[in-house]
Amino acid sequence: MRAANVDKNQKSILKHFRFLGASVTHLHSVGGGVPDLLVGYNGVNYMVEVKTSKGKLNEKQVEYFNNWNGQVCVIRTNKEVEELLGLKGL
């Protein structure tokens, strides 16, 4: 079994979620297009795929995003973390 690829900015983004008070669980090793992180904040859960500024979703990720009936998003920067959590202008 091949180890899941982890984008170079994932550690920073994960730390920022936690700094802002979010709960974070790693999902990047699940595979099958499942996003990298499960994030909980103020009673809401988010499925978060971490990508670098030029990173793109692969075919399995696109399929997962299209078929998931809940919150799923791509996060590239700490600013996007803040926007997702409704903390604009920190």
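This passage goes through the sheet, the helix lying across it and the salt bridge of a predicted model.

The sheet comes first. Four strands make up an open sheet, lined up in the order β1-β2-β3-β4, and the pairing is mixed. The two edges are taken by β1 (23-26) and β4 (72-75); each of these has a single partner strand, so one side of each is left without a neighbour in the sheet. Going from one strand to the next, the twist averages 30°.

At the β1 edge, the partner is β2, which spans residues 37-41. These two strands run antiparallel and are joined by four bridges. As for who faces whom here, H26 sits opposite L37 of β2.

Next comes the helix. Helix α1, made up of residues 10-19, lies across β1, β2, β3 and β4. Relative to β1, helix α1 runs at about 150°. The strand β3 that helix α1 crosses covers residues 44-50.

That leaves the charged side chains. How many salt bridges does the structure hold? Just one turns up, and it links E49 with K51. The closest N and O atoms of this pair are 3.6 Å apart. Are the two partners buried or exposed? E49 has a relative accessibility of 2%, so it counts as buried, the cut-off for that label being under 20%. K51 comes out at 10% relative accessibility and therefore counts as buried too. In short, the salt bridge between E49 and K51 has a buried residue at the glutamate end and another at the lysine end.

Conventions. Residues numbered from 1 in each chain as written. Predicted model: local features only at pLDDT ≥ 70, side-chain atom pairs only at ≥ 80, totals over all residues. Heavy atoms only, no water. Salt bridge = Lys/Arg side-chain N within 4 Å of Asp/Glu carboxyl O. Buried < 20%, exposed > 50% of the residue type's maximum accessible area, 1.4 Å probe, protein only. Pairing = 2+ DSSP bridges. Axes fitted to C-alpha atoms, helices over the stretch in contact; angles between N-to-C directions. Contact = heavy atoms within 4.5 Å.
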